[in-house]
Amino acid sequence: MTLIDLDDIYSIESNSFPDPWAKVTIEDSIKKLESYALCYLNSGEIVGYLIGYGSEEAYSIYNIAIKSFYQRRGFATYLLQTVMQHHKKLYEHYLLEVRRSNIKAANLYFKLGFKIIYTRRNYYTNPLEDAVVMQFTIKNRMIEQAVEDSSKGDNS
Ligand SMILES: CC(C)(COP(=O)(O)OP(=O)(O)OC[C@H]1O[C@@H](n2cnc3c(N)ncnc32)[C@H](O)[C@@H]1OP(=O)(O)O)[C@@H](O)C(=O)NCCC(=O)NCCS
């Protein structure tokens with residue numbers, strides 16, 4: 001993603017969240033060397049983006065959004081899986097925060113194997129709401145996948 005995409009990203013951001021990031025915040029985060037940003041192009045059109053940050057301990061997903069017209073077609077799944085695949089040698093843990101009422105996003109994260117680890121009371125404003133902190137751990141997921149695969153094998 002380059003700064004040329006900034007207007008599109010900001011437009012998706014402001015249509016997706018009640019408390020969107022300011023354009024300058026998105027710009028800063030794209031400019032930061034350690035910040036990883038990614039968008040998906042379909043016939044040249046930006047349909048969504050993910051902004052994340054890798055610290056020493058974990059990779060944090062700060063923001064992800066897909067244009068409403070393109071939702072429920074697997075784009076967010078693709079973005080998250082691409083980022084986690086890209087970083088899997090560096091990071092075992094992936095963290096994110098989600099509004100308690102954001103069922104669409106929570107379902108997405110549960111489906112990918114994220115687990116709730118704790119809640120931050122009244123973390124979000126506009127409107128005031130708790131944040132649910134979720135974590136994906138590669139080792140746990142591998143163990144779960146092995147158990148799922150072996151139980152499928154038992155049934156066949
Ligand atoms: C949350 C969001 C990123 C999902 O993007 P998406 O591209 O539609 O997601 P996918 O198509 O990859 O869906 C994957 C799973 O997410 C869940 N999901 C997605 N949309 C859903 C909906 N409308 N209702 C319930 N679950 C939903 C489902 O589990 C879905 O799997 P399924 O289609 O097999 O049932 C998108 O709805 C969005 O941009 N929302 C506004 C911004 C936002 O809330 N970002 C998250 C901030 S924490």
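Which element gives the largest share of the shell around the ligand? The answer is α4, with six residues. Helices and strands here are DSSP runs numbered from the N terminus, a helix being H or I over at least four residues and a strand E over at least two.

Two remarks on the basis of this talk. The model is predicted, so local features need pLDDT of at least 70 and side-chain atom pairs count only at pLDDT 80 or more, while totals for chains, interfaces and linings use all residues. Residues are numbered from 1 along each chain as its sequence is written.

I begin with the ligand. It is surrounded by 19 residues, and the closest are Q71, A76, T77, N107 and L108. A residue counts as near the ligand if its C-beta atom, placed from the backbone, lies within 6 Å of it. Two or more residues of this shell come from each of β3 (59–66), α3 (75–87) and α4 (103–112). By character, the shell consists of nine nonpolar, six polar and four charged residues. In this division, Ala, Val, Leu, Ile, Met, Phe, Trp, Tyr, Cys and Pro are nonpolar, Asp, Glu, Lys and Arg are charged, and the others, Gly among them, are polar.

I turn next to L80, which is located in helix α3. Is L80 buried or exposed? L80 counts as buried because 22 C-beta neighbours lie inside 10 Å. The cut-offs are 20 or more other C-beta atoms within 10 Å for buried, 12 or fewer for exposed, and partly exposed in between, with C-beta atoms placed from the backbone. Leaving aside residues up to four places away in sequence, L80 touches L50, I64 and L112; contact requires C-beta atoms, placed from the backbone, to lie within 7 Å.

Two of these partners lead us to the strands. L50 stands opposite I64 in β3. Strand β2 (residues 45–54) runs antiparallel to β3, and seven bridges join them. Strands are said to pair if DSSP finds at least two bridges between them. The connection from β2 to β3 is a hairpin through four residues.

Finally, I consider β6 (residues 129–137). Strand β4 (residues 93–99) pairs with β6 in the antiparallel sense over seven bridges, and H93 has T137 as its bridge partner in β6. On β6 there is also an antiparallel pairing with strand β5 (residues 115–124), over six bridges. There, Y118 stands opposite V133. β5 and β6 form a hairpin with four residues between them, and N126 in the turn has a positive phi of about 50 degrees.

Terms used. Two residues are in contact if their C-beta atoms, placed from the backbone, lie within 7 Å.
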